[in-house]
Amino acid sequence: MRLGCSGLKAHLHFNLHVEDNPTCRCGAEIENPEHYFLHCQQYVAPRIHLLNAISRLAAPSIDVILYGDPTLSTNDYIKISLSVQKYIEITERFK
């Protein structure tokens with residue numbers, strides 16, 4: 001996702017040119033990382049867990065989700081990374 005080469009429809013449409021449109025299955029105009037992690041109505045319950053886990057360590061944002069926060073300790077960065085990984089697994093968006 002950091003490189004713009006994921007299976008999200010915006011990446012497939014705008015960057016890889018293999019998808020006709022960037023529209024999310026939920027009806028949102030663009031399925032990009034920010035939409036997937038922070039807004040998509042298909043993933044409300046997993047998002048609550050993700051944002052709760054992150055908010056204990058940093059202010060949740062798409063930048064923190066994708067890149068971490070340079071002010072965090074290595075252990076806190078690992079916790080955020082594992083929470084993001086769990087969200088991706090639970091949503092099953094990339095299966």
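## Tyrosine 36 in helix α2

Tyrosine 36 lies in helix α2. In this predicted model, tyrosine 36 has a relative accessible area of 1%, and it therefore counts as buried. When its neighbours within four places in sequence are left aside, tyrosine 36 is in contact with Met1 and Leu8, with Tyr43 and Arg47, and also with Tyr87, Ile88, Thr91, Arg93 and Phe94. Aspartate 20 is 16 residues away from tyrosine 36 along the chain, and the C-alpha atoms of these two residues are separated by 19 Å.

## The nonpolar core

Which residues have the most contacts inside the largest nonpolar core? They are Phe37 and Leu50, in a core that has 17 residues. At least two residues of this core are supplied by each of four helices, namely α2 (33–39), α3 (44–55), α4 (62–67) and α5 (74–91). The largest share, which amounts to four residues, comes from α4.

Leucine 50 is in contact with Phe37, Ile65, Ser83, Val84 and Tyr87, if neighbours within four places in sequence are left aside. Isoleucine 65, which is one of these partners of leucine 50, lies in helix α4 and is buried, because its relative accessible area is 6%. With its own neighbours within four places in sequence again left aside, isoleucine 65 is in contact with Phe37, Leu38, Leu50, Ile54 and Val84. Tyrosine 77 stands 12 residues from isoleucine 65 along the chain, and 9.8 Å separates the C-alpha atoms of the two.

## How α3 and α5 pack

Two packed helices are described by the distance between their axes together with the angle between those axes. For α3 and α5, the axes come within 9 Å and cross at roughly 180°. An angle over 145 degrees counts as roughly antiparallel, and α3 and α5 are therefore roughly antiparallel to each other.

On the side of α3, the residues that take part in the meeting of the two helices are Pro46, Arg47, Leu50, Ala53 and Ile54, while α5 brings Ile80, Ser83, Val84, Tyr87, Ile90 and Thr91. Sorted by character, the residues of this contact between α3 and α5 divide into eight nonpolar, two polar and one charged. Some of these names have already appeared in other settings: Arg47, Tyr87 and Thr91 are among the contacts of tyrosine 36, and Ile54 and Val84 are among those of isoleucine 65.

## Cysteines without disulfides

A disulfide is a covalent bond that joins the sulfur atoms of two cysteines. How many disulfides does the structure hold? The number is zero. Cysteine 5 is in no disulfide, and the nearest cysteine sulfur, which belongs to cysteine 24, is 19 Å away. Cysteine 5 counts as exposed, because its relative accessibility is 52%.

For cysteine 26, the closest cysteine sulfur is also found in cysteine 24. The two sulfur atoms are 3.6 Å apart, which is too far for a bond, because a disulfide requires the sulfur atoms to be within 2.5 Å. Cysteine 26 has a relative accessibility of 33% and so counts as partly exposed.

## Histidine 11 and histidine 17

Histidine 11 has its place in helix α1. Is histidine 11 buried or exposed? Histidine 11 is buried, because its relative accessible area is 8%. If residues up to four places away in sequence are not counted, histidine 11 touches Met1, Gly4, Cys5, Ser6, Leu16 and Pro33. Met1 is thus a residue touched by histidine 11, and Met1 is also in contact with tyrosine 36.

Histidine 17 is found in the loop between α1 (9–15) and α2. Although histidine 17 is not a glycine, it has a positive phi of about 55°. Its relative accessibility is 63%, so histidine 17 counts as exposed.

## Glutamate 92, after α5

Glutamate 92 has its place in the segment after α5. Its phi is near 55°, which is a positive value in a residue other than glycine. Glutamate 92 counts as partly exposed because its relative accessible area is 48%. Tyrosine 43 is 49 residues from glutamate 92 along the chain, and the C-alpha atoms of these two residues are separated by 9.9 Å.

Technical notes. Residues numbered from 1 in each chain as written. Predicted model: local features only at pLDDT ≥ 70, side-chain atom pairs only at ≥ 80, totals over all residues. Heavy atoms only, no water. Core = buried A, V, L, I, M, F, W, Y, C linked by side-chain atoms within 4.5 Å. Buried < 20%, exposed > 50% of the residue type's maximum accessible area, 1.4 Å probe, protein only. Contact = heavy atoms within 4.5 Å. Axes fitted to C-alpha atoms, helices over the stretch in contact; angles between N-to-C directions. Parallel < 35°, antiparallel > 145°, perpendicular 65-115°, else oblique. Nonpolar A, V, L, I, M, F, W, Y, C, P; charged D, E, K, R; others polar.
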